[in-house]
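Welcome! Here is a short briefing to help you find your way around the structure shown below. Take a look at it, then read on.

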Amino acid sequence: MRIVVIGHGMVGSRVAADLAAADPGARLTVLGQEDHDPYNRVQLSSVVAGKADPAALALEQVGPERARVLRGVRAVRIDRASHLVHDELGEAHPYDRLVLATGSAARIPDVPGLRAPGGAAEESPLVDGVSPLKDLDDAERILRRCDGGGEVVVLGAGVLGIEVATGLAGRGARVTLVHHRERLMERQLDRDASEIVHGALETLGITVVTSASATGVDAPEGRLETVHLSDGSARPADLLVLCTGTVPQTALAEAAGLECGAGVLVGEDLACPGDPDVFAIGDCAQPPEGASGLVAQGWEQARRLVESWRPREEESRAPGPPRGTGGDLVRVKAVGLALVTMGRIERPGPGLHAPRSVRLADPSGGRFTEVVVHEGRLVAATIVGDEDAAAELSAAFTLRTPVPRDPVHLLARPLAARAAAPAASAADMAEDDVLCQCNGVTKGTVCAAVAGGCGSTAEVSRATRAGTGCGTCRSRIQELLDASRDREPAPV
Amino acid sequence: MPSTPSASAGTAPSGTATHCPYCALQCAQTLTPVAGGGADGAPVLTVEGRDFPTNQGGLCRKGWTSAEVLTAPDRLTAPQLRGADGVLREVSWDAALDHVEARLREQRERRGADAVAVFGGGGLTNEKAYALGKFTRVVLGSRLIDYNGRFCMSAAATASNRSLGLDRGLPFPLPDLAGADCVLLLGSNLAATMPPFVQHLEGVRSRGGLVVTDPRGSATAALTAEGAGVHLAPVPGTDLVVLLALLHVVLAEDLVDHEYLAARTTGLEALRASAAAWWPERAEAVCGVPARRLRQVARMLADASPSRGGRGAYVLTGRGVEQSTQGTATVTAAIDLALLLGLVGRRGSGYGPLTGQGNGQGGREHGLKADQLPGYRKITDPEDRAHVAAVWGVDPESLPGPGVPAVELLGMLGRPVGPSALIVCGANPVVSAPDVSRVRERLAALDLLVVMDTVPSETALLADVLLPVTQWAEEEGTMTNLEGRVIRRRRAREAPGGARSELWILRELAARLGVPTGFPAEASAVFDELARASAGGRADYSGLSHERLDREGSMHWPVPGPDHPGTPHALLDGFPTADGRARLLPVTHEDPADPLRADAPLHLVTGRLLEQYQSGAQTRRVPSLLAARPAAFAQMHPLLADLLGIEDGEEVLLRTRSGELRVPAEVTEEIRPDTVFMPFHYPGEGSANLLTGSATDPLSGMPGFKVTALEVLPAPRPVPVPDVVTVQQRSIV
Ligand SMILES: Cc1cc2nc3c(=O)[nH]c(=O)nc-3n(C[C@H](O)[C@H](O)[C@H](O)COP(=O)(O)OP(=O)(O)OC[C@H]3O[C@@H](n4cnc5c(N)ncnc54)[C@H](O)[C@@H]3O)c2cc1C
Ligand code: SF4
């Protein structure tokens, strides 16, 4: 079986490595446009924030003995009739099965001055100081322009824009975050949540400008100097980061006559409806349940594809249904700001079986939580500014564990176990409360020993065994000894 | 016969210096006979804590009351044989042993040497473990031996051997912990299971550096309160995700010890790639621990590491993370973390697993494990076989090959391809093994079940032949504690009635089965042979003898010669791997074997209580311990109780793929609301292992005790419980 994978990003590398492990007979070729080993793209915002070492991003990849991996080589044409993929160097790669994992590209907005003059509008490079954040080269470019200071404009306050803005602000840059809508992360946040996030970002020193877009860029001598905004203001800038969305890379598929919507259309079996030998997974694909643009979905697709192709007695089968991956859980990796959304918040009217939702908005505390509970499960939530609640609710959502019927309980207390409250002082304990857990000795027994003449913790331990296990109750024994001494009349 | 107490140098004028019969901390005790004891249930010995590096004089409640088991009212003092009417009756030793001999011969003639299997225990002395392993391989010629230590240490042992080339429990003495700036304690409730251990954590707690991971707010988790450290409460079954995130941060933030990695390890790149996929925010949604907390802990550990100027850091694992179908991978990740920070094989820092059973360590070193020969030798290695065969005076060819791990062994019993006879020694698998209804069914299918025990444990009650044996205070021997320290167990009184040491029983059986020599009943003689058999092996005891241990005190192995001072700190000069380097190994997280389902949406975790030990066969016979914890219960969070509509103390029905049972609920905030905890010390209807499954870790054979998908229902009225716990009629296959 000859398998060609186009794209050696997060999902392409996973599917190639797992295919090699699952089917020793498979002959694998991987074409990757980037001239890097596969790396963790998700961490690029942490690289920009100075929280991750670019050298530490390498992902697991298929070894050279198991696959032919061509780095820095782009696929330029798919010839479906003769089952060939042509690359930019002129080589043709035959396949029995073709996997498209070409990911997505940054959407570059149409702002005058953004591109260097001359050349076709779509092709000419961005001026110096302007960059999206999509690949390692972008991250390195941004780091070169902003290593711990300067003026930065981040365009777009979606998830990525907020990550980049907080990351660069955390490194000392003066950041202006510009968003074309009134609400930040408008796909996930409602007005109240957005306002609280807005406040939190300002606390972190970020200037947030909403309902505005970039109208032009000044770059004398090809180097960025100013960004003009639709509110009429002009911002001096050393760096403009474009976080204005992504578009699935469908050009190859489209040219090969495969049906594409926003992404390459695939069925539940991850195959293109028009060609059972071509599959698409990851950010470039558009499966029936919709694309999330998150890596969990692509990795789950890779797993299903490998599972269905695993050699077995019978013929290979169609991939099983997608498994819950907490699919639409969006966790913003912002430094200094806990922000998670999951599921879809819906607020139906009253009804016995309708989802129940409760929200807590605490603008001055920088806190917002909204939870929606339906049939005993957490079906949606937005959490701002409360990292414990964010973690616990994420787990409850992902695992679909039962949650309290009354969603108020989810707001009132964190879900995870809390370490036992510090032990009560001996004075607060009742006579028959156990003072020494290890030996099951009550306060009464210790008091009796003290009354009986034991004058030190060691003597009490000898008499009662209290304090001879872990020893943490010795301070409470001492407390009882001190108390008894205080009660005794001072010797005259 | 064993030496008399007075012959032992460890007998202080005031009493006998020995160690507690229970857990691997092996607290030092002094036993003194009570004049006129034994009458009216009065204790026959007094127990006192004795100063020793591990317990510093302390004992827990189990240790203090240990002498009460000596005079348990139902203590076994005569052999018993099950008659044709199905009733166990006392018989003479000769009658019992003749019967066992005849039945064993019959099984072997009909079905070959592997017709007989042996199941040992992690509480047996080194001498007994050694003799039992030798008996199985030489006298029975069977490959089928394994032990309950498989439920305890197998994942840590497998991982330690793979990564470090050595499995000695802690490769450093316990008091070393006092100097550390950070201790990461993964899945151990030592404050309840071995309380005197806590003294060694005082230093790190005073510096705010204790990190405990546990889905419960256990007594150990509580030690992190008031600024003493950090408690992480991950979703059960996701400890590996926590570790992958810690690995990720240490690598991403470049907190590693580069010099150490370059000089002492291999495999960095593959590990990097596996950790790259677990950034903290991804881990958070799976394990429920905030990403910031994960980063904080990674940095705490790194800051405590010697390469970054810290005073030292330790990573310690317990059953909580090891008893999983990915137990070996989890321990591997813990070791990877310690290696990245340059902690292993360095004074003042390190990695180690916390052994549970008294002699879990020595048991596997000297022959109770399916694939091991004495001295931690491999039964598959021709040189190892030749060495041991020479000591045993047999042809290496005659030694059987490797057997199968415990859960698999129990599953084979009484099946057409499996053994038809089983000898159980120091174990109570009817309570302690996973999926105990299946275990009962398998035991019932046997032709012959021989059990050696001191009390009529739940397994003993199913035996065809029940042989009464001595208890700790009635015998001589050695144990190897959680730090690889070889210590002396000494006799303080005569065994009652007809109870005999397993060493004596094995000698008698061997002689009857045609091997009249090589099985001394004297522990010191067995030890001397063990020492020779271990010489040159990984766990080399050849420089030790009872006499030397009595003269010079306890010693850490390896002790390769009579003048060798022992090895308190192992791994300082390199790793016993082919190239002398430790292996950084990549790991991947898998979902549990029994993931949550819509009709089983909660996690069941099992564990121990302060007042009970293992299957409870001993501690349930101590009145004060039983009174403290008389029966099983299901611990759950008030939010879960509220959801079920039940109050503290009300009955609930717990149901898993393996079985169901009813127990009262204990409602406490100290547990995740998505998790229910049950102690596993109880038999019958309260047996937590009716609920656990028999899936095991593919690498170590460790059962996945710590994560089972669970359904909980209120059960205010008695509901009919399926007949899973009644003893089944034995049938002949
Ligand atoms: C900064 C940043 C932060 C992110 N944060 C998160 C997050 O926190 N959580 C989350 O779930 N997701 C996050 N994502 C999204 C996540 O990175 C993507 O979902 C994931 O990378 C998709 O994997 P993929 O393999 O489909 O595409 P990619 O990783 O984009 O890989 C596609 C690869 O194919 C190559 N390619 C394209 N066309 C060709 C061709 N013709 N020939 C050869 N090669 C080709 C590309 O160069 C690229 O290397 C983030 C993305 C970015 C950029
Ligand atoms: S049970 Fe363990 S901790 Fe308790 S006294 Fe015995 S050895 Fe010590």
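In chain B, the loop between strand E22 (555-556) and strand E23 (582-583) holds Pro558(B). This is a predicted model, and the peptide bond that leads from Trp557(B) into Pro558(B) is cis in it, with omega near -5°. The points below start with the backbone, then turn to the ligand and the cavities.

**Backbone details in chain B**

- Most peptide bonds are trans, and most residues other than glycine have a negative phi.
- The bond from Trp557(B) to Pro558(B), being cis, is thus one to look for in the loop.
- Tyr376(B) is a residue other than glycine with a positive phi, near 60°.
- You can find Tyr376(B) in the loop of chain B that runs between strand E15 (372-373) and strand E16 (377-378).

**Around ligand 1**

- How many residues surround ligand 1? There are 31, and the closest of them are Val11(A), Glu34(A), Arg41(A), Asp283(A) and Lys333(A).
- By character, the shell around ligand 1 is made up of 14 nonpolar, 12 polar and five charged residues.
- Gln33(A) places a backbone N or O atom 2.9 Å from a nitrogen atom of ligand 1.
- Two contacts go to oxygen: a backbone N or O atom of Gly293(A) is 3.2 Å from an oxygen atom of ligand 1, and a polar backbone atom of Val295(A) is 2.9 Å from an oxygen atom of the ligand.
- On its own, ligand 1 has 990 Å² of accessible area, and the protein covers 91% of that.
- Helix H1 (10-22), strand E2 (27-32) and helix H2 (44-48) of chain A are the elements that each give two or more residues to the shell around ligand 1.
- Which element gives the largest share of this shell? That is H1(A), with three residues.

**Cavities**

- Across the whole structure, a search turns up 12 cavities of 30 Å³ or more.
- The second largest cavity holds about 80 Å³ of space.
- This second largest cavity is lined by 13 residues, and those closest to its centre are Cys20(B), Cys23(B), Cys27(B), Cys60(B) and Gly63(B).
- The lining of the second largest cavity consists of nine nonpolar residues, three polar ones and one charged one.
- Where in chain B does the lining of the second largest cavity come from? Domain 1 (16-71) and domain 3 (154-353) each supply at least three of its residues.

Notes. Residues numbered from 1 in each chain as written. Chains lettered and ligands numbered in written order. Predicted model: local features only at pLDDT ≥ 70, side-chain atom pairs only at ≥ 80, totals over all residues. Heavy atoms only, no water. Near = heavy atom within 4 Å. Polar contact = N/O pair within 3.5 Å; in protein donor to acceptor, adjacent residues only side chain to side chain. Areas by Shrake-Rupley, 256 points an atom, 1.4 Å probe, with all protein chains shown as cover. Helix = DSSP H or I, 4+ residues; strand = E, 2+ residues; numbered from the N terminus. Nonpolar A, V, L, I, M, F, W, Y, C, P; charged D, E, K, R; others polar. 1 Å grid on protein atoms, 1.4 Å probe; cavity = no way out; pocket = protein on both sides within 12 Å on 5 of 7 lines; lining within 4 Å. Points joined across faces, edges and corners; volume = space filled by probe spheres on them. Domains from an automatic or database assignment.
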